[in-house]
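Student: Could we go through this protein together? I'd like to practise reading a structure.

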Amino acid sequence: LVHGAISGIKVGVMGRAGQPSDRALAAPRSYDQIPGYAGLADAAKVKELEHEVDQWRGKFEMAMARLGENPYPEQIGGNAVPFTPVPPNLGLGTDDHVRKPKKTREELEAMDTFGADERIVRILHGARVEIDEEMARDLPTWDDVVEMYGEEPIIEGLDTCEGYRASVDAADRMIGPAGMFNTGTNLLYELMKTNCRIAEARLRPRREPRQNGMRWQVPWGKHNPPTTHRFKNIAKAWGKGIKQDEFMPVVLIKDPYTWMGSQCRHKYTTFWGHDEEHCPNLIRWRVKDRDVPSEVRVKYALEMKIYESLLDMWNKWYEEWDDQTFPHLTTRFEDLLFHGEEVTRKACECVGGIFTDDFQYVEDSAKPARGIHKGANGLVKAMMQYGDPKKRLVGYTDRDRWYSSKNMDTALMSKYGYKPPPLPAGGNTVED
């Protein structure tokens with residue numbers, strides 16, 4: 001039926017020979033309240049209708065997949081209706097590229113969790129993740145998480161929410177992520193899109209997937225520094241037509257030590273001397289007689305910026321955000337993993353949104369598993385990576401660690417609850 005509906009829409013507008021048709025395209029009732037729908041060109045109406053159909057198809061497939069049933073058991077008109085066996089946001093994580101239907105929370109709670117930490121189990125069950133013996137062996141304990149990040153999430157800027165709501169009409173409010181590369185911006189967007197909505201957002205004809213005020217990024221570009229790009233740049237994706245001072249950014253920060261390791265895996269538009277054997281390479285490994293930082297060049301939308309090192313890049317990027325006085329929130333990537341529901345709820349409430357009563361966690365990586373994002377972590381792998389203290393300094397030489405200890409912005413580290421790691425034994429081997 002869905003396949004036929006989309007085909008019928010296209011034929012009705014374009015004609016069977018690909019030529020414009022004189023048949024009128026009626027607006028479905030769900031679009032009656034959207035300003036300007038009647039005045040859209042036929043091609044634009046097609047896109048709106050396709051989007052509406054895709055949304056309902058996704059909801060139907062998700063419900064049927066959770067029941068373990070094929071939503072399209074019959075063939076219509078001799079042609080098989082396209083079937084996506086799992087919702088797109090849940091990924092294709094099995095060897096045969098077909099994921100088994102997710103079990104309900106009740107079903108999961110009745111299963112053996114093989115000694116996995118109770119707090120970690122609750123998070124994974126909330127994401128409908130089934131825990132097997134091998135996984136349980138590799139999962140962190142809650143004591144590990146608390147040792148690294150503390151007991152509670154950190155969300156700075158909540159005191160700016162009331163002023164934001166007072167100054168921006170509900171229909172104009174928008175929220176979305178900003179952050180350096182590899183800090184969980186896509187994950188935050190998926191969590192907000194799935195679990196929060198600003199009811200009045202449907203009164204504005206913006207192009208959010210669910211027309212709920214949840215945006216993929218800040219309108220000047222999520223990775224761009226705010227001072228040089230806010231009000232000066234319009235992001236190519238989701239930036240056009242957005243009033244930048246009506247947008248509530250949620251800035252994602254990440255432990256600088258694990259962030260630099262993430263850059264080794266996915267460098268984006270960051271360029272510095274390193275290879276698989278020498279990364280993060282804060283101190284140039286080929287220079288043996290003195291400590292020479294490995295210079296970093298970063299391509300932003302409006303400028304190429306040079307930093308002394310990856311650490312200097314982390315310091316300066318977040319120092320700049322820390323100096324901003326307009327309303328915004330800042331929270332940690334790690335809090336999305338271990339306190340995802342609380343962080344998402346508080347961000348939603350900040351903009352006057354309606355938070356779901358059935359929180360859904362995006363278990364698989366929120367990044368598409370291709371190109372620059374290939375190999376990105378899903379929830380389980382991220383927990384294993386960022387909840388294990390032993391993995392924090394993988395790839396660091398003693399010289400890198402000494403350099404970090406001397407040049408880290410300790411005020412930022414303290415503010416966001418990141419503890420400095422112990423220094424290598426024996427002191428620095430190279431004189432400054």
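**Helix 10 and some charged pairs**

Tutor: Let's start with helix 10, residues 256-265: eight of its ten residues are buried, so the rest of the structure largely encloses it. Keep in mind that this is a predicted model.

Student: Which residues of helix 10 are buried?

Tutor: To count as buried, a residue needs under 20% relative accessible area. In helix 10, that holds for P256, Y257, T258, W259, M260, G261, S262 and Q263.

Student: Okay, and at the start of helix 10, which residue's side-chain oxygen reaches the backbone nitrogen of Y257?

Tutor: Look at the start of the helix, at the backbone nitrogen of Y257. A side-chain oxygen comes to within 3.0 Å of that nitrogen, and it belongs to D255.

Student: Which helix gives the most to the largest nonpolar core?

Tutor: That core has 89 residues, and M313 is among those with the most contacts inside it. The top contributor gives seven residues and spans 310-322: helix 11.

Student: Now a salt bridge. How many residues apart in sequence are the parts that R399 and D291 tie together?

Tutor: The two side chains meet in a salt bridge, 3.0 Å from N to O. R399 lies in helix 15, while D291 sits in the loop between strand 5 and strand 6, so the pair ties together parts whose separation in sequence is 108 residues.

Student: And is D312 buried or exposed?

Tutor: D312 forms a salt bridge with K316, and K316 is partly exposed at 41% relative accessibility. For D312 the relative accessible area is 13%. The cut-off is under 20%, so D312 is buried.

Terms used. Residues numbered from 1 in each chain as written. Predicted model: local features only at pLDDT ≥ 70, side-chain atom pairs only at ≥ 80, totals over all residues. Heavy atoms only, no water. Core = buried A, V, L, I, M, F, W, Y, C linked by side-chain atoms within 4.5 Å. Buried < 20%, exposed > 50% of the residue type's maximum accessible area, 1.4 Å probe, protein only. Helix = DSSP H or I, 4+ residues; strand = E, 2+ residues; numbered from the N terminus. Polar contact = N/O pair within 3.5 Å; in protein donor to acceptor, adjacent residues only side chain to side chain. Salt bridge = Lys/Arg side-chain N within 4 Å of Asp/Glu carboxyl O.
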